[in-house]
Amino acid sequence: MKIYVARHGETDYNSQELGCGVSDIPLNEKGLKQAERLAEVTARYPHIGLMIVSPLARARQTAECILRRCPMELRIDDRLREQDYGVFEGQKKGKEFHAAVREFAKPCPGGESLFHVAQRVYNFLDELIRDQPAGEVLLLTHGAVSRVIRSYFVPMGNEEYMGFLQKKGELAVYEAKR
């Protein structure tokens with residue numbers, strides 16, 4: 001089974017370096033262009049039959065661009081939503097934000113921990129690989145979640161983990177073994 005992972009296009013929060021976890025922010029003009037380019041890239045993989053998408057607007061908008069070019073089944077799954085950054089939502093990403101997201105087991109104040117994100121994403125991937133018939137699936141999600149997905153398939157240390165960031169509108173491919 002092949003699992004493709006894409007990150008949504010840019011939002012105004014992204015361009016302004018604001019915490020954009022569960023804040024339901026739409027794509028900006030650049031983000032819409034990134035989504036269109038992602039749709040072009042996705043069209044090169046005609047065997048993708050299912051796209052599972054985060055419920056947040058920026059991911060759903062990106063999915064809509066892809067669906068216009070690449071007809072496939074669409075499912076929304078809350079487990080692919082971004083990490084809840086709590087008090088850092090909509091705030092400038094400073095030292096406190098970066099320190100908080102490096103604390104794997106400690107939730108962001110008023111939000112969720114990276115371990116909570118990893119638990120829901122790993123459970124989702126276990127279920128997908130167990131229950132999905134062989135085929136190709138596209139997951140459309142967010143930065144922190146795409147990092148967790150990569151750690152599921154690629155063993156890495158803490159520094160490598162924190163250093164990985166999938167670009168907006170980028171497509172990664174993983175081979176899942178049952």
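Me: How much space lies in the largest pocket?
Reply: The model is a predicted one. Rolling a probe the size of a water molecule over the atoms shows where empty space is left. In the largest pocket, this space comes to about 500 Å³.

Me: Which elements give two or more residues to the lining of the largest pocket?
Reply: The lining consists of 25 residues, and Tyr85, Lys93, Phe97, Arg147 and Leu165 lie nearest the centre of the pocket. Two or more lining residues come from each of the helices α4 (95-101), α6 (143-153) and α7 (158-163).

Me: How many residues of the lining of the largest pocket are charged?
Reply: The lining divides into three classes of residue. Ten of its residues are nonpolar and seven are polar. The charged residues number eight.

Me: Is Gln34 buried or exposed?
Reply: Gln34 belongs to helix α2, which covers residues 29-42. A residue counts as buried under 20% relative accessible area. Because the relative accessibility of Gln34 is 11%, this residue is buried.

Me: Which backbone nitrogen does the side chain of Gln34 reach?
Reply: Leaving out residues up to four places away in sequence, Gln34 touches Gly9, Glu10, Lys168 and Gly169. At a distance of 2.7 Å, the side chain of Gln34 reaches the backbone nitrogen of Glu10.

Me: Which element supplies the largest share of the largest nonpolar core?
Reply: This core has 32 residues, and Ile3, Ile52, Leu128, Leu139 and Ile149 touch the most other members. Elements that supply at least two residues each include β1 (2-7), β2 (48-53), β4 (136-141) and α5 (114-131). The largest share, eight residues, comes from α5.

Me: With which residues is Leu128 in contact, leaving aside its neighbours within four places in sequence?
Reply: Leu128 is one of the core residues that touch the most other members. Beyond its sequence neighbours within four places, Leu128 has contacts with Met1, Ile3, Ile52, Val137 and Leu139.

Me: How many residues are in the second, separate core?
Reply: Among the members of this second core are Leu38, Ala59, Leu138 and Leu171. The core is separate, and its residues number 15.

Me: Is Thr11 buried or exposed?
Reply: Thr11 is found in the loop between β1 and α1 (12-15). Not counting residues up to four places away in sequence, Thr11 touches Cys20, Ile25, Pro26, Leu27, Asn28 and Arg58. Because its relative accessibility is 0%, Thr11 counts as buried.

Me: Which backbone nitrogen does the side chain of Thr11 reach?
Reply: The polar contact in question has a distance of 3.3 Å. Its backbone partner is the nitrogen of Tyr13.

Terms used
Residues numbered from 1 in each chain as written. Predicted model: local features only at pLDDT ≥ 70, side-chain atom pairs only at ≥ 80, totals over all residues. Heavy atoms only, no water. 1 Å grid on protein atoms, 1.4 Å probe; cavity = no way out; pocket = protein on both sides within 12 Å on 5 of 7 lines; lining within 4 Å. Points joined across faces, edges and corners; volume = space filled by probe spheres on them. Helix = DSSP H or I, 4+ residues; strand = E, 2+ residues; numbered from the N terminus. Nonpolar A, V, L, I, M, F, W, Y, C, P; charged D, E, K, R; others polar. Buried < 20%, exposed > 50% of the residue type's maximum accessible area, 1.4 Å probe, protein only. Polar contact = N/O pair within 3.5 Å; in protein donor to acceptor, adjacent residues only side chain to side chain. Contact = heavy atoms within 4.5 Å. Core = buried A, V, L, I, M, F, W, Y, C linked by side-chain atoms within 4.5 Å.
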